[in-house]
Amino acid sequence: MTDKILIIDFGSQVTQLIARRVRENGAYSEIRPFNNIKSDEISAFRPNGIILSGGPASVTKISTPRAPDEIFSMGIPILGICYGQQTMVEQLGGNVNSSDEKEFGRAELNISDNCDLFNGIFTLGDKKQVWMSHGDRVTKLPEGFKVVGSSNNAPFAAIADDNRKFYGLQFHPEVVHTPDGTQIIKNFTHKISGCSGSWNMSSLRDSKIEKIKSQVGSSSVICGLSGGVDSSVLAILLNEAIGSQLTCVFVDTGMMRAGEAEEVISLFRDHYKIKLVHNDASRIFIDKLAGIIDPEEKRKIIGNTFIDIFEAEAKKIGGVRFLAQGTLYPDVIESVSFLGGPSVTIKSHHNVGGLPERMNMELVEPLRDLFKDEVRLLGKDLNLHESFVKRHPFPGPGLAIRIPGEITKEKINILQRADKIYLEEIVKADLYDKIWQAFAVLLPVQTVGVMGDSRTYDCVCALRAVTSVDGMTADFFHFEMGFLGHVTNRIINEVRGINRVVYDTTSKPPGTIEWE
């Protein structure tokens, strides 16, 4: 495979966005941790270029991450971003110091010189918006470098050594808040590193299939199928890779959306003819969650119970060595650091941080380095039914994390009815494809109401709808008030147990998309 970019990860929360931008520009990319990549592996990978990611550490401290020294003598173009810039400067003989003048968020980049990285994007004297997130800053350049851009608090915000094809940026070109960032990365991958842009989603599909075959061999695999986009794409991908070695296990937790179990069974068993085991475990899950309020405990109970059931089904099938899951990168980055870096845990996802150590199967997670929109593109390439490709994300723990507080069968039934009405109205208004994710939440709050001259004391339902590209950041969807009023009336009139409806206008960050 040609057109390859190696990304060395120092633990940034947005490292995967670099890989995503590279792939969008038609070049293949792989992320490897700074402490688990050797020179012979780099040579064997034969990258066109290397990108050093950002990270939370400080190069001014002893024993903080460094790039492999040998990459600077391999004749390979290198782009250092934020921490990546700083460690490159330190390792090549420059200096980095901590500063009281920090920069977080939008900043203005002043272009002071020309370089190949900015060719066709910036010209001398330009002032451009970029996105910063740093406390340390470069104070002295290594030999051969020149400053090509500065900001108020970063005098060496952009540096270049065109002869060696080494470049450093204090700002983050991979985030959408740097408007010209994608083009900057494309200049590095194409004009500087020589990528042709011929890599595409079909290439990704083929490489995923080969990796699955290599990992699995002739062993049997069970796939945890939930009916969401991720697990559905995973099931079709696995079916293409290993065929009859695959058995999908659909565990009905009793916390699905209304009518969803029947849709999943019909599509995969009847349409795709994939071996499918349907295990109705709704009573088991609801019993185990009885009295549990803490969301982290809920997720771990659900994760453990899933594995218990998968292992029991595996024993029935016999000879199963692997469990396949539709884990995505946003799940990983919120649960644990990608590839072991020092990023911060936000919440445990049932299929990441919630896995028990005693699990007797090995994991197959071919979607682990992809974002949701990339999974949708992969699903289209695999000819997955359009209704599943376009389906809004649905969490593995199901409605359990949309019912803050204790889970009961009654609450699940109430929420299913409210959620169905909400989605029905979104579809009728032709808004479904304009929204990343929409759902109802049943709050552990009761309020006084009046219905038919009688006093009620029922639950509050919160409605949530967000727009997003990759699930890492999101903004609330701006409904017209008339639409929200209509949905509110339907829910209150048709769902017994709810007497008040509110709309969530929180973005991500500071909130997450799901409530728990």
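Modeller: One definition to start. Ala, Val, Leu, Ile, Met, Phe, Trp, Tyr, Cys and Pro count as nonpolar, Asp, Glu, Lys and Arg as charged, and the others, Gly among them, as polar. The model discussed here is predicted.

Biologist: How do the residues lining the second largest pocket divide into nonpolar, polar and charged?

Modeller: This pocket has a volume of about 520 Å³. Its lining has 22 residues, and those closest to its centre are Lys 208, Lys 211, Glu 365, Pro 366 and Asp 369. Pro counts as nonpolar, while Lys, Glu and Asp count as charged. Over the lining, the split is 10 nonpolar, 4 polar and 8 charged.

Biologist: Which element gives the largest share of that lining?

Modeller: Four elements give two or more residues to the lining: helix 1 (15-24), strand 2 (28-33), helix 5 (201-216) and strand 14 (362-364). The largest share is 6 residues, and the element is helix 5.

Biologist: Glu 365 is among the residues closest to the pocket centre. Which residue forms a salt bridge with Glu 365?

Modeller: Glu 365 is buried, with a relative accessible area of 18%. Its partner is partly exposed, at 26% relative accessibility. The closest N and O atoms are 2.8 Å apart, and the partner is Arg 368.

Biologist: Is helix 1 largely enclosed or exposed?

Modeller: Buried means under 20% relative accessible area. The buried residues of helix 1 are Thr 15, Gln 16, Leu 17, Ile 18, Ala 19, Arg 20, Arg 21, Val 22 and Arg 23. That is 9 of the 10 residues of the helix, so helix 1 is largely enclosed.

Biologist: Which residue with a positive phi follows helix 1?

Modeller: Helix 1 covers residues 15-24. The phi in question is near 90°, and the residue is Gly 26.

Biologist: Arg 20 meets Asp 373 in a salt bridge. How many residues apart in sequence are the parts that this pair ties together?

Modeller: Both partners are under the 20% cut-off for buried: Arg 20 has a relative accessible area of 3%, and Asp 373 has 19% relative accessibility. The N to O distance is 2.3 Å. Arg 20 lies in helix 1 and Asp 373 in helix 11 (residues 372-381), so the separation in sequence is 353 residues.

Biologist: Why could Glu 425 and Lys 428 point the same way, and how many residues apart are they?

Modeller: An α-helix has 3.6 residues a turn, so residues three or four places apart point the same way. Glu 425 and Lys 428 both lie in helix 13 (residues 409-428). Their side chains meet in a salt bridge, 3.6 Å from N to O. The spacing is about one turn of the helix, or 3 residues.

Biologist: Is Lys 428 buried or exposed?

Modeller: Its partner Glu 425 is buried, with a relative accessible area of 6%. Exposed means over 50%. Lys 428 has 63% relative accessibility and therefore counts as exposed.

Biologist: Which residues are linked with Glu 425 and Lys 428 in a network of salt bridges?

Modeller: The structure holds 28 salt bridges. One of them joins Glu 425 and Lys 428. The network also takes in Glu 424, Arg 490 and Glu 494.

Biologist: Which helix gives the most to the largest nonpolar core?

Modeller: This core has 67 residues, and Ile 50, Leu 52, Ile 71 and Phe 268 touch the most other members. Ile 50 is in contact with residues including Ile 71, Ile 76, Leu 79 and Phe 188. A second, separate core of 53 residues includes Ile 286, Ile 309, Phe 310 and Leu 423. In the largest core, 9 residues come from helix 6.

Biologist: What is the C-alpha separation of Cys 223 and Phe 250?

Modeller: Cys 223 is found in strand 10 (residues 220-224). At 0% relative accessibility, Cys 223 counts as buried. Its contacts beyond four places in sequence include Leu 234, Leu 238, Cys 248 and Ala 324. Phe 250 is 27 residues away along the chain, and the C-alpha separation is 8.3 Å.

Biologist: Which residues beyond four places in sequence are in contact with Thr 305?

Modeller: Thr 305 lies in helix 9 (residues 295-317). Thr 305 counts as buried, at 2% relative accessibility. The contacts are Ile 284, Phe 285 and Lys 288.

How values were computed: Residues are numbered from 1 along each chain as its sequence is written. This is a predicted model: local features need pLDDT of at least 70, side-chain atom pairs count only at pLDDT 80 or more; totals for chains, interfaces and linings use all residues. Side-chain values use heavy atoms; hydrogens and water are left out. On a 1 Å grid over the protein atoms alone, a cavity is a set of points where a 1.4 Å probe fits but cannot get out, and a pocket is an open set with protein on both sides within 12 Å along at least five of seven lines; lining residues have an atom within 4 Å of a point. Grid points are joined across faces, edges and corners, and a volume is the space filled by probe spheres set on the points. Buried means under 20% relative accessible area, exposed over 50%, partly exposed in between (1.4 Å probe, protein chains only). Contact means heavy atoms within 4.5 Å. A nonpolar core is a set of buried Ala, Val, Leu, Ile, Met, Phe, Trp, Tyr and Cys residues joined through side-chain atoms within 4.5 Å. A salt bridge is a side-chain nitrogen of Lys or Arg within 4 Å of a carboxyl oxygen of Asp or Glu.
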